[in-house]
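These are my notes on the model, set out as numbered points for you to follow alongside the coordinates.

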Amino acid sequence: MTFAPPEGGREAAAARAGDLRAELARHACLYYAQDAPEISDAAYDALMRELQAVEDEYPDLVTSDSPTQRIGAAPSQAFAPVRHSSRMYSLDNALGFDELDAWLERIERELGPRQHAFVCELKIDGASIALTYEDGVFVRGATRGDGTTGEDVTANLRAVKAIPLRFRMDVPPARIEVRGEVYMPKSSFAALNETQDEAGLPTFANPRNAAAGAMRQKDPSVTAGRDLSTFIYQIADARAAGVSSQWEALAWLKRAGFRTNPDIVRAGTCEEVRAFCERALERRGDLPYEIDGVVVKVDSFATQDELGHTAKAPRWAIAYKFPPEEKTTVLRAIVAQVGRTGAITPVAEFDPVLVAGSTIARATLHNIDEVRRKDVRVGDTIVVRKAGDVIPEVVGPVPGLRPADAVEWEMPVTCPSCDGPVWRPEGEVVSRCTNIACPAQRWERLVHWTSRGAMDIEGLGYEIVGRMIETGMIRDIADFYSLDAEGLDALDTGRLKKDGSPVVLGPLMATKILANIEGSKSQPVYRLLYGLGIRHVGSTVAELLTARFRSLDAIGAAGAEELADTEGVGPRIAASVRTFFDNPDNIAVLKRLRAAGVRMADEARADVRAQTLAGMTFVLTGALSGYTRDEAGAALKALGAKVSGTVSKKTSFVVVGEEPGSKYDRAVELGVPVLDEAALERVIETGEAPGAADTADGSR
Ligand code: AMP
Ligand code: ZN
């Protein structure tokens, strides 16, 4: 069936398009957000085709919120950074009921005898998103990123049908940001992995990774095919919506047409909170999507404000995490794996089992002592789980099921990679291959250089780096910077096509990898230092050292004592750094890196303010007119101050805005000096610590 363009010209077409859009949006909401469709899929499609016909005839009538635009043109601003209107916090965890109880008790204690309630929600195991609407129209979607800045994934989120392109409200707020979770249902995840597998493509470890991956597709039509859905649970600036509690916010979101999770409870007592968590744990397997716990939030926003945030998470919420799921399987082998520092790690290989959403078949046993302590032997039936729901872990054997011939595992006496001698230093638990030319070590070392926390060179991983080493293309990290396009082009990836022929990297990937390598030259110096793989120098230590010395040369020139004198760096780390820089082979590699143009010194940072408030603690209470409380807190922290949520004798100043809470009374009671907003502003602007002229006398 084809649709004739409407009679009556442009005006009639515009009216018809408007009606069709409104009707389609209503049905999309009923179908995707409320799971309560009123019309058949075929009828929906027919309406959609009619709208498409009208828009084809009059392209200037197309609006950005038209359902025909869900998969629009390729995103022009793919993944550009987006600063969130306010920080997207993570949540503190309670592992087990004891920790949950402790948190509940602390809240009860802080709030005293006042009436308060908690809202309990399922903790959806997906990826956080922030959606911005202007006059009710979806204008931007972003990932959480580091909490302050995320990535613009608007084009892809448009393809997610559960996200309304325009939300339903007669007078929508001029601008509002809502937050929630995008996730992939369990069934879609299973189907996706099956298709990936058939196509010879990598599978996803769990639905969360699959959802996050789908959101970052270059082509929105791929995202559209991935069957994502959402649950929205937060309004960034809830006051713009005129709600004063989490419970009201959820109701508002539902009314506006967002998909909200129906399994919520407003609990008046700790017992009710616990009961909700227990029930969620029981029902976990029956839900069509993955959850990894329960989020408990203090309901009233006024009370939330009073409790405040830590640097990382709100004090008014807690994520009760489910205990790890345990499974049994059979241990088939313990293999000795050589790491980049030569450390030889026993790794358990067992029959694949599905644990907490993904299949696992290997887990590290760390060292020989751990193998003995756990007493696991090849052939044992073992219990496995995921630590923190992520990292596979062997809990121990099931003793009754041990085969009669199972023997204790022994550490090999020669390196499994190079046959070099294995040495276990006195007093250490780790055995090492001492051959510096050991290929296994080289491989790990080179992969480490490219890894996320180090130079972050996308496109290079174990497989590709392994092939590069095998073909003699690279021997050390400096070789990455003299690769050429042609050689890389023809690199055999080690994978096979369906017809058995090898898959080569190809010009497109080769160019991309070279561009990424080029880009890595300007990484901050701490990443380079971490990437060198110096023993005991993790990324935190690397940051501490570069913050103090600013350049690799300065670090290399510093004596062991000077190095050890750095905060967070002890003599053991200092000695290891010295050993590295005293080795002429290492110096030669650094020289070549420098020649290649790799950045080796950080410029003095202009954005760092003098730490004039170091050692002082500020508490904020009441509403400020010029700043949000988070902004004021961040500005104080940038000057070196601590910002706390509770007033004590140690508090240096309490900043008091409009309608201050009990913290103000407490400040007066304890005689803590009080600042008003004008004084705060002066401190933030000048960077000077508050003086006597700034503090009120307490009799406001
Ligand atoms: P975590 O990543 O373990 O710190 O947990 C925090 C994350 O839980 C948040 O960033 C959200 O993405 C996610 N989350 C899932 N469901 C909820 C919910 N109902 N309320 C708040 N956060 C949630
Ligand atoms: Zn070796």
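1. Histidine 366 has a relative accessibility of 44%, so it counts as partly exposed. In this predicted model, the residue sits in the loop that runs between strand S14 (358-364) and helix H11 (368-374). Although histidine 366 is not a glycine, its phi is positive, at about 70 degrees, and this backbone conformation is the point to look at in the loop.

2. A positive phi is also found at glutamate 659, again not a glycine, where the value is about 45 degrees. Glutamate 659 belongs to the loop between strand S23 (653-656) and helix H23 (662-670), and with a relative accessibility of 74% it counts as exposed, the cut-off for that class being over 50%.

3. Aspartate 380 is placed in the loop between H11 and strand S15 (381-387). Is this loop residue buried or exposed? Its relative accessibility is 0%, and aspartate 380 therefore counts as buried. Its C-alpha lies 5.5 Å from that of leucine 331, although the two residues are 49 apart in sequence.

4. Asparagine 261 likewise merits a look, being a loop residue between helix H8 (246-255) and strand S9 (265-267). With a relative accessible area of 11%, asparagine 261 is buried, since the class takes in values under 20%. Between the C-alpha atoms of asparagine 261 and isoleucine 124 there are 9.3 Å in space, against 137 residues along the chain.

5. Turning to the metal site, the zinc ion (ligand 2) has as its protein donors the SG atoms of Cys415, Cys418, Cys433 and Cys438, at 2.3 to 2.4 Å. The angles that the four donor atoms subtend around the zinc ion (ligand 2) run from 99 to 116 degrees, and the arrangement is therefore tetrahedral, a class that requires all angles to lie between 85 and 135 degrees. Along the sequence, the spacing of the donor residues is C-x2-C-x14-C-x4-C.

6. Which parts of the chain do cysteine 418 and cysteine 433 tie together? Cysteine 418 comes from the loop between strand S16 (391-397) and strand S17 (422-423), whereas cysteine 433 is in strand S18 (residues 431-433), so the pair links parts that are 15 residues apart in sequence. Cysteine 418 is partly exposed, with a relative accessible area of 23%, while cysteine 433, at 5%, is buried.

7. The second largest pocket holds about 2,100 Å³ of space. Its lining comprises 44 residues, of which Phe204, Gly213, Arg216, Arg452 and Glu458 are the closest to the centre of the pocket. By residue class, the lining of the second largest pocket divides into 18 nonpolar, 14 polar and twelve charged residues.

8. Where in the fold does this lining come from? At least three residues of the lining of the second largest pocket are drawn from each of domain 2 (93-321) and domain 4 (439-520). Among the elements that each supply at least two lining residues are strand S4 (127-134), helix H6 (207-215), helix H12 (439-450), helix H13 (462-470) and helix H15 (506-520), together with strand S19 (492-496) and strand S20 (502-504). H6 gives the most to the lining of the second largest pocket, with five residues.

Key. Residues are numbered from 1 along each chain as its sequence is written. Chains are lettered from A and ligands numbered from 1 in the order in which they are written. This is a predicted model: local features need pLDDT of at least 70, side-chain atom pairs count only at pLDDT 80 or more; totals for chains, interfaces and linings use all residues. Side-chain values use heavy atoms; hydrogens and water are left out. On a 1 Å grid over the protein atoms alone, a cavity is a set of points where a 1.4 Å probe fits but cannot get out, and a pocket is an open set with protein on both sides within 12 Å along at least five of seven lines; lining residues have an atom within 4 Å of a point. Grid points are joined across faces, edges and corners, and a volume is the space filled by probe spheres set on the points. Helices (H or I, at least four residues) and strands (E, at least two) are DSSP runs, numbered from the N terminus. Ala, Val, Leu, Ile, Met, Phe, Trp, Tyr, Cys and Pro count as nonpolar, Asp, Glu, Lys and Arg as charged, and the others, Gly among them, as polar. Domain bounds come from an automatic or database domain assignment. Donors are N, O and S atoms within 2.8 Å of the metal (3.2 Å for Na, K and Ca); water is not among the atoms, so sites may look incomplete. Four donors count as tetrahedral if all angles lie between 85 and 135 degrees; four count as square planar and six as octahedral if opposite donors are over 155 degrees apart and all others between 65 and 115; anything else is irregular. Buried means under 20% relative accessible area, exposed over 50%, partly exposed in between (1.4 Å probe, protein chains only).
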